[in-house]
Amino acid sequence: MELRSIWQYGSNSSENSNHFATISQWWHNLNGKEILWQQRLMPATAEATNLNWEPQRFDEKFLVVNPTIRGITLYWQKPDSSQERSTTVHKLELDQLHQQLYIFPQSQKEVVIRVELPQVALQTVVMKNPQWQVAPNGDTYLLTLRDDRQKVVVQATFDSTQMSQLKQQLP
């Protein structure tokens, strides 16, 4: 799976239609989910991902209803409204890793909209000299890290390729 899919109106890229299909499916799958809708001015020399996306006054968080794409127009509704909203686009960028869609409207070339699924906060656990064990389990390996002082056990399953890569990275 690609982590970034970019669709551009009028592009001759062989992947353009595949990227559009991926983005369309992602947009459709937002139905009934809470999203964060942010809009920013887009300087000509900037990348959308590098803009200041810290929460601002006019950012909205809402459940999206009936998200569809017809032609090159994105449609959606808010649950408390029967009014269908839309924006026609000239470019879409989907960051699947961070679950963010950057929408570049055709009518406002200096604007970018970011639609984001709220992220689950990841917790970092620091272990100093944990006990560890690697146990083969058929075609996979189970790596267990244990820190009795913190009362934490972390288990990760690796296939043989990942295990080889891990071994190569160890000093």
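Select Thr49 first. In this predicted model, Thr49 has 33% relative accessibility and therefore counts as partly exposed, the class between buried (under 20%) and exposed (over 50%).

Keep Thr49 selected and show the backbone on either side. Thr49 sits in a loop, with strand S2 (34-41) before the loop and strand S3 (60-63) after it.

Next, add the neighbours of Thr49. Which residues does Thr49 touch, leaving aside those up to four places away in sequence? They are Arg4 and Tyr102. Display both together with Thr49 to view these contacts.

Now select Asp95 and draw a distance from its C-alpha to that of Thr49. The value is 9.4 Å, while in sequence the two residues are 46 residues apart.

Zoom out to the protein chain and colour by secondary structure. There are 2 helices and 11 strands. Following the sequence, the order is β-α-β-β-β-β-β-β-β-β-β-β-α.

Turn the chain to view its overall dimensions. Along the principal axes, the C-alpha trace spans about 60 × 40 × 35 Å. The radius of gyration is 21 Å, whereas a compact globule of 171 residues would have one near 16 Å.

Switch on the surface. The protein chain exposes about 11600 Å², with carbon and sulfur atoms supplying 49% of that area. Of the 171 residues, 33% are buried.

Colour the charged residues next. The chain has 16 positive and 17 negative charges, and the mean positions of the two sets lie 5 Å apart.

Finally, show contacts across the chain. Among those between residues at least 6 apart in sequence, 42% link residues at least 24 apart.

Technical notes
Residues are numbered from 1 along each chain as its sequence is written. This is a predicted model: local features need pLDDT of at least 70, side-chain atom pairs count only at pLDDT 80 or more; totals for chains, interfaces and linings use all residues. Side-chain values use heavy atoms; hydrogens and water are left out. Helices (H or I, at least four residues) and strands (E, at least two) are DSSP runs, numbered from the N terminus. The radius of gyration is taken over C-alpha atoms; the globule rule is 2.2 Å times the number of residues to the power 0.38. Buried means under 20% relative accessible area, exposed over 50%, partly exposed in between (1.4 Å probe, protein chains only). Contact means heavy atoms within 4.5 Å. Accessible areas come from the Shrake-Rupley method with a 1.4 Å probe; for residues, only the protein chains shown count as cover. Lys and Arg count as positive and Asp and Glu as negative; His and the chain ends are not counted. The place of a charge is taken as NZ of Lys, CZ of Arg, CG of Asp or CD of Glu.
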